[in-house]
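Trainee: Got a minute to go through a structure with me? I'd like to talk about the sheet, the helix packing and the ligand surroundings.
Mentor: Happy to, let's pull it up.

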Amino acid sequence: MKTFNTGGIHPPESKFTGNSAIEVMPLPAELAIPMNQHLGKPAKPIVKLNDEVKKGQLIGEADGFISANVHASTSGKIKAIKSHPHPGGQYAMTIFITPDGKDEWAEGLDTVAADWKRFSKDEILKKIKDAGIVGMGGAGFPTNVKLSPPPDKKIDTIILNGAECEPFLTADHRLMVESAEQVVIGMEIMASLLPAPVKLAIGVESNKPDAIAALEKFAAPKQIEVVSLKTKYPQGAEKQLINAITGRKVAEGELPFDKGCIVQNIGTAAAVFDAVCRNRPLIERVLTVSGMEITQRKNISARIGTGFKDIIAFCGSMSDKTNQVISGGPMMGKAIFSLDVPVVKTTSGILFINNRSLDKSRERTCIRCGRCVEVCPQGLAPWLLANTAQLKQFDEIQLIGLANCTECGSCTYVCPSGRELVHWIKYAKALVSSRQKRKSA
Ligand code: SF4
Ligand code: SF4
């Protein structure tokens with residue numbers, strides 16, 4: 001079985017919802033749709049208070065090359081445009097819609113599935129851009145930009161990331177099982193945009209045999225290889241996935257383009273199918289609701305803008321013992337600061353956790369055991385990065401690979417001294433970046 005060649009861990013999988021079919025969540029009483037759900041500049045609101053909008057109508061326009069369109073997730077009235085809590089940990093400009101209950105599509109959207117081969121490359125790329133599709137695995141990079149590599153970068157491989165290596169999360173798993181054909185067509189559409197035929201591979205961790213079987217049925221006739229990967233965290237990180245499937249190593253400062261690869265997420269491929277074949281913008285997504293402190297764990301399809309509170313109500317209730325609600329997985333997700341935050345295009349899961357028993361309050365001295373070095377998939381010395389960050393030696397820390405850390409959290413997970421290694425690394429990254437911004441200003 002293939003895997004990456006440096007480091008890695010195997011936390012308890014806790015994939016309780018692997019066999020739970022995706023449930024479509026009913027329309028909530030209000031939708032809060034942020035203008036920044038992607039990497040790059042936030043979209044510009046193009047609607048006003050009290051405007052009537054249709055489902056799929058453009059309400060926020062991409063602002064610049066690295067940005068993405070935002071659409072109304074249902075029909076209704078614009079109730080407010082204001083700053084609002086965002087699952088990324090900040091406040092963001094957000095458009096509130098009061099649904100009219102009709103859920104009526106804007107004209108020309110949600111058409112009968114068409115054969116994508118009748119569209120030119122430019123038409124396909126425009127449809128992907130217009131639909132506001134971004135990487136749905138977490139990073140949120142605009143997909144049309146990722147599919148337009150610089151002309152001097154020769155791409156020979158597209159990899160679809162079906163690893164879903166974070167514990168608890170099963171949204172991609174269910175999408176692969178329930179919508180395998182759409183995922184495979186979405187991948188074919190993306191490959192058609194490149195100047196020459198490329199190798200196509202879908203990487204899936206071996207703990208999802210039903211997903212591998214479902215994909216193989218549609219992938220084999222199209223010469224797409226479904227690669228069974230060893231179940232190991234962080235198998236789904238872009239650099240580790242490229243290493244596992246092609247054997248190539250993306251070095252510090254390099255991008256997948258530099259190694260001839262483009263990596264896309266499973267949800268993104270399904271969204272590309274919807275945009276190109278059915279004229280449907282990205283207004284909903286599949287996510288996993290799990291953790292030990294929610295009464296009903298589920299995979300759900302929710303409209304973008306659905307409040308976390310509405311999701312809690314749809315999944316029973318959250319226990320009194322919950323002391324953390326995480327947007328994303330337990331390794332790389334973010335603890336939210338308010339239950340008012342909405343689902344955005346990159347919300348892969350919501351976890352309800354009680355971590356009081358972990359006694360994270362007591363960070364102890366490093367005992368030089370070397371475990372963090374052993375598991376680091378990027379070949380770094382996390383203990384040294386954290387020490388250097390604590391000493392605020394921001395010139396030195398850049399020389400020992402700060403930028404190369406993917407914030408996977410494996411080092412923190414294994415540290416017997418309970419050191420918050422990734423926390424200190426993120427702290428150093430934030431300060432180095434703000435110092436650089438100040439310098440260039
Ligand atoms: S968080 Fe960074 S330093 Fe820690 S194991 Fe992951 S890549 Fe290595
Ligand atoms: S795992 Fe923790 S205790 Fe061990 S070397 Fe790394 S920082 Fe030190």
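**Sheet, helices and ligand shells**

Mentor: Strand 13 (residues 284–291) pairs with strand 17 (residues 349–353) in the parallel sense, over four bridges. Keep in mind that this is a predicted model.

Trainee: Okay, and which residue is the bridge partner of Gly-291 in strand 17?

Mentor: That's Phe-352.

Trainee: What's the strand order in the open sheet they belong to?

Mentor: The order is 1-14-13-17-15-16, so to speak, six strands with mixed pairing.

Trainee: Which strands stand at the edges?

Mentor: Strand 1 (23–24) and strand 16 (334–335) do. Each has a single partner strand, so one side of each is left without a neighbour in the sheet.

Trainee: And which strands does helix 3 lie across?

Mentor: Helix 3 (residues 171–178) lies across strand 13, strand 14 (298–303) and strand 17. Its direction is at about 130° to strand 13.

Trainee: Switching to helix packing. At what angle do helix 10 and helix 13 pack?

Mentor: Helix 10 (residues 382–390) and helix 13 (residues 421–440) pack at about 50°, and their axes are 8 Å apart. Helix 10 is therefore oblique to helix 13.

Trainee: Is the crossing of helix 10 and helix 13 left-handed or right-handed?

Mentor: Left-handed.

Trainee: Which residues make the contact?

Mentor: From helix 10, they are Pro-382, Trp-383, Leu-385, Ala-386, Ala-389 and Gln-390. Helix 13 brings Leu-421, Trp-424, Ile-425, Tyr-427 and Ala-428. By class, the contact has 10 nonpolar residues, one polar and no charged ones.

Trainee: Now the ligands. Which residues come nearest to ligand 1?

Mentor: Of the 16 residues around ligand 1, the nearest are Cys-376, Pro-382, Cys-405, Cys-408 and Cys-411. Helix 10, helix 12 (410–414) and helix 13 are the elements that give two or more residues to this shell.

Trainee: Which of those gives the most to the shell around ligand 1?

Mentor: Helix 13, with three residues. Pro-382, one of the nearest residues to ligand 1, also takes part in the contact between helix 10 and helix 13.

Trainee: How does the shell around ligand 1 divide by class?

Mentor: Into 11 nonpolar, four polar and one charged.

Trainee: What about ligand 2, which residues come nearest there?

Mentor: There are 14 residues around ligand 2, and Cys-366, Cys-369, Cys-372, Trp-383 and Cys-415 come nearest. Trp-383 is also in the contact of helix 10 with helix 13.

Trainee: And how many charged residues are in the shell around ligand 2?

Mentor: Three, alongside nine nonpolar and two polar residues.

Conventions. Residues are numbered from 1 along each chain as its sequence is written. Chains are lettered from A and ligands numbered from 1 in the order in which they are written. This is a predicted model: local features need pLDDT of at least 70, side-chain atom pairs count only at pLDDT 80 or more; totals for chains, interfaces and linings use all residues. Two strands pair if DSSP finds at least two bridges between them. Two residues are in contact if their C-beta atoms, placed from the backbone, lie within 7 Å. Axes are lines fitted to C-alpha atoms, for helices over the stretch in contact, and angles run from 0 to 180 degrees between N-to-C directions. Angles under 35 degrees count as roughly parallel, over 145 as roughly antiparallel, 65 to 115 as roughly perpendicular and the rest as oblique. A crossing is left-handed if the near helix is turned anticlockwise from the far one by less than a right angle, and right-handed if clockwise. Ala, Val, Leu, Ile, Met, Phe, Trp, Tyr, Cys and Pro count as nonpolar, Asp, Glu, Lys and Arg as charged, and the others, Gly among them, as polar. A residue is near a molecule or strand if its C-beta atom, placed from the backbone, lies within 6 Å of it.
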